[in-house]
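Work through the exercises below with the sequence and the coordinates open. Each task is followed by a solution in steps.

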Amino acid sequence: TFKLVPEGVHEGFDAERESLLGKGGSMKDEGVPLCKSFMHVHLGIKADAMPKDLPPQWTIVNSWDCPIDEPGNVIVVSCPSLLDPSLAPDGYHVIHAYTAGNEPYDIWEKFENENLAKNEEYQALKHERAAPIWRS
């Protein structure tokens with residue numbers, strides 16, 4: 001976004017750009033904090049198993065007593081086939097549920113360049129970290 005707005009167009013935007021990237025900063029600088037990661041679940045479900053009044057998207061906040069970005073606290077769920085039935089076979093819907101940018105990436109880094117299908121530690125962590133989505 002910073003590249004789309006030329007310097008000098010908006011003083012507040014310039015100040016934010018400088019605070020994050022430094023004077024004359026670029027995206028190569030290390031001043032931009034990374035956002036947390038996402039955990040996703042994609043599935044198909046029989047249409048008759050879903051409530052008739054289900055909205056196409058909703059958000060679940062598991063607890064207002066902890067930070068909104070605590071891992072697994074906020075889950076976003078969408079059912080795009082409610083809006084476009086061609087996205088699923090007749091009699092079914094697709095559901096996409098994900099943690100809303102609140103999953104720490106550092107716990108996953110050790111699995112880079114690994115054969116994950118047969119890695120029991122990875123599979124156990126994936127099961128554990130997806131649990132808030134399944135509960136939602």
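The exercises go from single residues to the core and the pocket.

The model is predicted: local features need pLDDT of at least 70, side-chain atom pairs count only at pLDDT 80 or more, and totals for chains, interfaces and linings use all residues. Residues are numbered from 1 along each chain as its sequence is written, and side-chain values use heavy atoms, with hydrogens and water left out.

**Exercise 1.** Place asparagine 102 in the chain and describe its surroundings.

Solution.
- Step 1, location. Asparagine 102 sits in the loop between β4 (92–99) and α2 (120–135). Helices (H or I, at least four residues) and strands (E, at least two) are DSSP runs, numbered from the N terminus.
- Step 2, exposure. Asparagine 102 counts as buried because its relative accessible area is 0%. Buried means under 20% relative accessible area, exposed over 50%, and partly exposed in between (1.4 Å probe, protein chains only).
- Step 3, polar contacts. The side chain reaches the backbone oxygen of valine 74 at 3.2 Å. A polar atom of the asparagine 102 side chain also lies 3.4 Å from the backbone nitrogen of glycine 72. A polar contact is a pair of N or O atoms within 3.5 Å; within protein, one must be able to donate a hydrogen and the other to accept it, and residues adjacent in sequence count only if both atoms are side-chain atoms.
- Step 4, neighbours. With residues within four places in sequence left aside, asparagine 102 is in contact with, among others, Lys36, Ser37, Ile68 and Asp69. Contact means heavy atoms within 4.5 Å.

**Exercise 2.** Is serine 81 buried or exposed, and which residues does serine 81 touch?

Solution.
- Step 1. Serine 81 is in the loop between β3 and β4.
- Step 2. Its relative accessible area is 1%, so serine 81 is buried.
- Step 3. Not counting residues up to four places away in sequence, serine 81 touches Leu87, Ala88, His93 and Val94.

**Exercise 3.** Examine two residues of helix α1, aspartate 14 and alanine 15.

Solution.
- Step 1. Helix α1 covers residues 11–21 and holds alanine 15; aspartate 14 is found in α1 as well.
- Step 2. A polar atom of the aspartate 14 side chain lies 2.8 Å from the backbone nitrogen of glycine 8. Glycine 8 is also among the residues that aspartate 14 touches beyond four places in sequence, with Pro6, Glu7 and Val9.
- Step 3. Alanine 15 is partly exposed, because its relative accessible area is 47%. Its C-alpha atom is 40 Å from that of leucine 125, 110 residues apart along the chain.

**Exercise 4.** Describe the largest nonpolar core and the surroundings of alanine 97.

Solution.
- Step 1. A nonpolar core is a set of buried Ala, Val, Leu, Ile, Met, Phe, Trp, Tyr and Cys residues joined through side-chain atoms within 4.5 Å.
- Step 2. The largest has 15 residues, and those with the most contacts inside it include Met39, Ala97, Trp108 and Phe111.
- Step 3. At least two residues come from each of β3 (74–78), β4 and α2. The most come from α2, with four residues.
- Step 4. Apart from neighbours within four places in sequence, alanine 97 is in contact with Met39, His40, Val41, Ile75, Val76, Val77 and Ile133.

**Exercise 5.** Characterise the lining of the largest pocket by element and by residue class.

Solution.
- Step 1. β1 (40–46), β4 and α2 are the elements that give two or more residues to the lining of the largest pocket.
- Step 2. The most come from β1, with three residues.- Step 3. The lining divides into 13 nonpolar residues, one polar and no charged. Ala, Val, Leu, Ile, Met, Phe, Trp, Tyr, Cys and Pro count as nonpolar, Asp, Glu, Lys and Arg as charged, the others as polar.
- Step 4. On a 1 Å grid over the protein atoms alone, a pocket is an open set of points where a 1.4 Å probe fits, with protein on both sides within 12 Å along at least five of seven lines; lining residues have an atom within 4 Å of a point.
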